[in-house]
Amino acid sequence: MNDDEKQREKHVTGATVWLTGLPSAGKTTIAYELAARLRADGHRTEVLDGDEIREFLSAGLGFSREDRHTNVQRIGFVAELLASNSVTALVPVIAPYADSREAVRKRHAAEGTAYVEVHVATPVDVCSERDVKGLYARQAAGEISGLTGVDDPYEEPANPDLRIESQNQTVQQSAAALHALLIEKGLA
């Protein structure tokens with residue numbers, strides 16, 4: 001394959017990269033750092049931010065197990081649609097339940113679309129210190145309940161394609177590790 005063919009190949013390979021983890025684990029920050037790297041390499045890339053999806057695609061859903069499952073399936077559908085059309089879809093979404101994530105993986109497999117699961121495995125105490133959105137403080141004050149990993153379950157992935165311990169490395173190092181995995185898999 002010559003350089004022109006390699007460059008064209010970069011533009012046509014799509015994939016879904018699902019970053020799962022607790023609130024304030026660093027999922028979105030890593031996704032945007034990786035997106036910048038991929039775009040600089042000429043890849044069509046979109047970040048499907050969980051908060052934006054909740055506002056625009058899943059408005060009206062609550063945080064029951066059923067609503068969370070529905071939200072994850074909607075996001076999975078959009079991600080697969082993008083990925084099957086040569087876009088690298090980066091999905092920093094908690095997706096707390098293993099069966100919901102597995103359903104998304106199966107959808108991708110059925111369509112022949114690449115799917116990579118990344119567990120941003122930041123401990124709850126570190127997430128609580130970061131508390132990017134003030135959720136841990138609000139939960140501690142009794143203002144909210146159902147916070148994933150605190151008073152609502154989070155089922156850690158048993159065998160993710162990559163586990164990132166964001167508390168032990170910089171955002172750039174985390175994104176670089178994920179970028180290296182995508183290169184290894186022929187997806188970047």
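Start by selecting Val 118 and Leu 162 in this predicted model: Val 118 stands opposite Leu 162, a residue of S5. Show the two strands around them, and you'll find S4 and S5 running parallel, joined by three bridges.

Stay on S4 for a moment and color residues 114-120. Six of those seven residues are buried, so S4 is largely enclosed by the rest of the structure. Now pick Val 116 on S4 and look across to Val 17, the residue it stands opposite. That takes you onto the pairing of S1 with S4, again parallel, this time over six bridges.

Keep going to the other neighbor of S1. Select residues 15-20 for S1 and residues 88-92 for S3; these two strands are parallel as well, with five bridges between them. A handy pair to label here is Trp 18 and Val 91: Val 91, in S3, is the bridge partner of Trp 18.

Time to zoom out and show the whole sheet. What is the order of its five strands? Reading across, you get S2-S3-S1-S4-S5, an open sheet with parallel pairing. The edges are S2, at 45-47, and S5, each of which pairs on one side only. Turn the view to look along the sheet and you can follow the twist, which averages 20 degrees from one strand to the next.

**Two backbone oddities**

Next, go to Ser 86, in the loop between H4 and S3. Phi here is near 70 degrees, a positive value in a residue that isn't glycine. Is Ser 86 buried or exposed? Its relative accessibility is 17%, so Ser 86 counts as buried.

Then move to Ala 95, in the loop between S3 and H5. Ala 95 is another non-glycine residue with positive phi, this one near 45 degrees. With a relative accessible area of 2%, Ala 95 is buried.

**The charged pairs**

Switch on side chains now. How many salt bridges does the structure hold? There are 11, and three of them make good stops.

Begin with Asp 152 and Arg 68, whose side chains meet in a salt bridge at 3.4 Å, N to O. This pair links distant parts of the chain, 84 residues apart: Asp 152 sits in the loop between H7 (135-140) and S5 (162-164), while Arg 68 belongs to H4, residues 65-83. Arg 68 has 7% relative accessibility, so it counts as buried.

For a local pair, select residues 27-40 to bring up H2, then label Glu 33 and Arg 37. Their salt bridge has its closest N and O atoms 4.0 Å apart. Because the two residues are four apart in H2, about one helical turn separates them. Arg 37 is partly exposed at 27% relative accessible area, and Glu 33 is partly exposed too, at 24%.

H5, residues 98-111, has a pair of its own in Glu 102 and Arg 105. The side chains of Glu 102 and Arg 105 form a salt bridge at 3.9 Å, N to O. Why are they about one helical turn apart? Because they are three residues apart in H5. Both are partly exposed: Arg 105 has a relative accessible area of 25%, and Glu 102 comes in at 34%. Don't stop at the pair, though. Add Arg 101, Glu 117, Asp 161 and Lys 185 to your selection, since salt bridges with shared partners join these residues with Glu 102 and Arg 105 into one network.

**The largest pocket**

Finish by turning on a surface and looking for the largest pocket, with a volume of about 810 Å³. Which of its 36 lining residues are closest to the centre? Select Pro 23, Asp 51, Ile 94, Lys 133 and Leu 135 to find them. From there, color H2, H3 (50-56), H4 and H8 (171-184), the elements that each give two or more residues to the lining. Coloring by residue type works well too: the lining divides into 16 nonpolar, 13 polar and seven charged residues.

Technical notes
Residues are numbered from 1 along each chain as its sequence is written. This is a predicted model: local features need pLDDT of at least 70, side-chain atom pairs count only at pLDDT 80 or more; totals for chains, interfaces and linings use all residues. Side-chain values use heavy atoms; hydrogens and water are left out. Buried means under 20% relative accessible area, exposed over 50%, partly exposed in between (1.4 Å probe, protein chains only). On a 1 Å grid over the protein atoms alone, a cavity is a set of points where a 1.4 Å probe fits but cannot get out, and a pocket is an open set with protein on both sides within 12 Å along at least five of seven lines; lining residues have an atom within 4 Å of a point. Grid points are joined across faces, edges and corners, and a volume is the space filled by probe spheres set on the points. Ala, Val, Leu, Ile, Met, Phe, Trp, Tyr, Cys and Pro count as nonpolar, Asp, Glu, Lys and Arg as charged, and the others, Gly among them, as polar. Two strands pair if DSSP finds at least two bridges between them. Axes are lines fitted to C-alpha atoms, for helices over the stretch in contact, and angles run from 0 to 180 degrees between N-to-C directions.
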